[in-house]
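Ready for a short set of exercises? Open the structure, keep the sequence at hand, and try each task before reading its solution.

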Amino acid sequence: FVYQTARNLALDHLRSRRIQARTLQEDVPLDILQSVAAPISTPEDATQAEQLLEHLSVSLGQLSARQQRIFILSRLHGCSYQEIADQLQVSLSTVQKELKLIMAICVGVAERLDQP
């Protein structure tokens with residue numbers, strides 16, 4: 001589950017970056033940008049996605065079991081924060097804090113790979 005989620009995040013990141021590079025966000029509403037089909041991936045995109053996936057997998061693999069479960073329930077199963085809190089018997093605040101930390105890790109991995 002973590003591997004599939006990391007893969008999807010990597011592809012979403014690359015797709016988002018490609019769209020932003022080709023359009024001016026001020027001129028086109030965000031919902032329209034996000035509904036545009038992504039062009040066929042180039043070999044460079046595939047290589048970059050593999051690198052991002054590998055780094056995300058390593059980072060997400062270092063999370064605690066509870067953090068991984070929160071991430072899977074949120075991103076893969078689409079559970080609300082309250083549903084996750086109820087299922088794991090933790091506070092809503094704990095779920096929010098853990099997801100904020102996890103997403104910061106994912107963004108940090110993506111940003112490090114974007115730097116030359």
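The exercises below go from the whole chain to single residues, and the model they use is a predicted one.

**Exercise 1. The whole chain**

Find how many helices and strands the protein has, and in which order its elements run.

Solution.
- Step 1: Count the elements; the protein has 6 helices and 0 strands.
- Step 2: Walk along the chain from the N terminus, and the order reads α-α-α-α-α-α.
- Step 3: Turn to the surface, which comes to about 7600 Å², with 54% of it belonging to carbon and sulfur atoms.
- Step 4: Look at burial; 29% of the 116 residues count as buried.
- Step 5: Take the contacts between residues at least 6 apart in sequence; 67% of these join residues at least 24 apart.

**Exercise 2. Checking helix lengths**

Work out whether α6 and α4 each agree or disagree with the span expected at 1.5 Å a residue.

Solution.
- Step 1: Helix α6 covers residues 92–114, which makes 23 residues.
- Step 2: The expected span is 1.5 Å times one less than the number of residues, so α6 should span 33 Å.
- Step 3: The end C-alpha atoms of α6 are 33 Å apart, and so the two values agree.
- Step 4: Now repeat this for α4, residues 65–76; its 12 residues should span 16 Å, and its end C-alpha atoms are 16 Å apart, which agrees as well.
- Step 5: While you are there, note the buried residues of α4: Q67, I70, F71, I72, L73 and S74.
- Step 6: Just after α4, look for G78, which takes a positive phi of about 70 degrees.

**Exercise 3. I102 and its surroundings**

Decide whether I102 is buried or exposed, and find which residues it touches.

Solution.
- Step 1: Locate I102 in helix α6.
- Step 2: Its relative accessibility is 0%. The cut-off for buried is under 20%, so I102 counts as buried.
- Step 3: Other buried residues of α6 include V95, E98, L99 and C106.
- Step 4: Leaving aside residues up to four places away in sequence, I102 touches L60, L63, Q67 and F71.
- Step 5: Compare sequence with space for F71: I102 and F71 are 31 residues apart in sequence, and their C-alpha atoms are 7.4 Å apart.

**Exercise 4. Two helices that pack**

Describe how α3 and α6 pack: at what angle, with which handedness and through which residues?

Solution.
- Step 1: The two helices pack at an angle of about 145 degrees, and their axes are 10 Å apart.
- Step 2: The crossing of α3 and α6 is right-handed.
- Step 3: From α3, the contact is made by Q48, Q51, L52, H55, L56, S59 and L60. From α6 come I102, I105, C106, V109, A110, L113 and D114.
- Step 4: Sorted by class, the contact has 9 nonpolar, 4 polar and 1 charged residues.
- Step 5: Add V58, placed in helix α3 (residues 43–61). V58 is partly exposed, with a relative accessible area of 48%.
- Step 6: V58 and V109 are 51 residues apart in sequence, with C-alpha atoms 10.0 Å apart.

**Exercise 5. A loop residue**

Find where Q89 lies, and say whether it is buried or exposed.

Solution.
- Step 1: Q89 lies in the loop between α5 (81–88) and α6.
- Step 2: Its relative accessible area is 72%. Exposed means over 50%, so Q89 is exposed.
- Step 3: Phi of Q89 is near 55 degrees, a positive value in a residue other than glycine.
- Step 4: Most residues other than glycine have a negative phi.

Note on methods
Residues are numbered from 1 along each chain as its sequence is written. This is a predicted model: local features need pLDDT of at least 70, side-chain atom pairs count only at pLDDT 80 or more; totals for chains, interfaces and linings use all residues. Side-chain values use heavy atoms; hydrogens and water are left out. Helices (H or I, at least four residues) and strands (E, at least two) are DSSP runs, numbered from the N terminus. Buried means under 20% relative accessible area, exposed over 50%, partly exposed in between (1.4 Å probe, protein chains only). Contact means heavy atoms within 4.5 Å. Accessible areas come from the Shrake-Rupley method with a 1.4 Å probe; for residues, only the protein chains shown count as cover. Axes are lines fitted to C-alpha atoms, for helices over the stretch in contact, and angles run from 0 to 180 degrees between N-to-C directions. A crossing is left-handed if the near helix is turned anticlockwise from the far one by less than a right angle, and right-handed if clockwise. Ala, Val, Leu, Ile, Met, Phe, Trp, Tyr, Cys and Pro count as nonpolar, Asp, Glu, Lys and Arg as charged, and the others, Gly among them, as polar.
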